[in-house]
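Hi,

Here's the structure I said I'd pass along. Have a look at it first, and my notes follow underneath.

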Amino acid sequence: EEQSAGVFITKIDLYFYKKAASLPITVQIREVENGLPTKTVLPYGTKTLFPAAINVSTTSAATATTFTFDSPIFLKNYKDYCVVVMPAGMSE
């Protein structure tokens, strides 16, 4: 159980049925505490895409939208994390 053990992630695929015409979507990788997302966003753990880069599909899981982070994100073993998806205009 080495403290520095874990994995790196570089991207995440999400699937969308609809998108706004002009508003972006932000994805964050956050720490979890007591089963709930915290406000602690991991370093490089935020990526925003605008509608031109967001794929939509009316069939289930036909076309992914890939959010590629600016740098690899380190996830420690034995720690919980979550993916937070925030459409523009939404408050936390």
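Let me start with one pair of residues: Ile-25 stands opposite Leu-49 in S3. Before you read on, bear in mind that this is a predicted model.

**The sheet**

That pair belongs to a wider pattern, since strand S2 (residues 25-33) and strand S3 (residues 36-49) run antiparallel. Seven bridges join S2 to S3, and Thr-26 is another residue with a partner there, standing opposite Thr-48. On to strand S5 (residues 81-87), which also runs antiparallel to S2 and is joined to it by seven bridges. Here Ile-29 faces Val-83 in S5.

Put together, you get an open sheet of three strands in the order S3-S2-S5, with antiparallel pairing. S3 and S5 are the edge strands; each has a single partner, so one side of each has no neighbour in the sheet. From one strand to the next, the twist averages 30 degrees. As for S2, seven of its nine residues are buried, so the strand is largely enclosed by the rest of the structure.

**Positive phi values**

If you plan to look at the backbone torsions, two residues are worth a glance. As background, most residues other than glycine have a negative phi. Asn-34 has a positive one, near 55 degrees. You'll find Asn-34 in the loop between S2 and S3, in a hairpin with two residues between the strands. With a relative accessibility of 75%, Asn-34 counts as exposed.

The other is Tyr-44, where phi is positive too, near 65 degrees. Tyr-44 sits in strand S3, and its relative accessibility of 53% makes it exposed.

**Aromatic pairs**

Which rings pair up? There are two aromatic pairs in the structure. In one of them, the ring centres of Phe-8 and Phe-74 are 5.0 Å apart with the planes at 55 degrees, so this pair is tilted. It links distant parts of the chain: Phe-8 is in strand S1 (residues 6-14) and Phe-74 in strand S4 (residues 65-76), 66 residues apart. Phe-8 is exposed, at 57% relative accessibility, while Phe-74 is partly exposed at 28%.

The other pair is Phe-16 with Phe-67, again tilted, at 6.4 Å centre to centre and 55 degrees between the planes. Phe-16 lies in the loop between S1 and S2 and Phe-67 in strand S4, so the pair ties together parts 51 residues apart in sequence. Both Phe-16 and Phe-67 are buried.

**Thr-65**

One more residue to click on is Thr-65, in strand S4. Is Thr-65 buried or exposed? With a relative accessible area of 1%, Thr-65 is buried, because the cut-off for that is under 20%. Its side chain reaches the backbone nitrogen of Asn-55 at 2.8 Å. Leaving aside neighbours within four places in sequence, the residues in contact with Thr-65 include Ile-12, Asp-13 and Leu-14, along with Ala-53, Ile-54 and Asn-55. Two names from earlier are also among its contacts: Phe-16 and Leu-49. Phe-16 is the loop member of the second aromatic pair, and Leu-49 is the residue in S3 that stands opposite Ile-25, which brings us back to where these notes began.

Cheers

Methods
Residues are numbered from 1 along each chain as its sequence is written. This is a predicted model: local features need pLDDT of at least 70, side-chain atom pairs count only at pLDDT 80 or more; totals for chains, interfaces and linings use all residues. Side-chain values use heavy atoms; hydrogens and water are left out. Buried means under 20% relative accessible area, exposed over 50%, partly exposed in between (1.4 Å probe, protein chains only). Helices (H or I, at least four residues) and strands (E, at least two) are DSSP runs, numbered from the N terminus. Two strands pair if DSSP finds at least two bridges between them. Axes are lines fitted to C-alpha atoms, for helices over the stretch in contact, and angles run from 0 to 180 degrees between N-to-C directions. Rings of Phe, Tyr and Trp (its six-membered ring) pair if their centres lie within 6.5 Å; planes under 30 degrees apart count as stacked, over 60 as edge-to-face and the rest as tilted. A polar contact is a pair of N or O atoms within 3.5 Å; within protein, one must be able to donate a hydrogen and the other to accept it, and residues adjacent in sequence count only if both atoms are side-chain atoms. Contact means heavy atoms within 4.5 Å.
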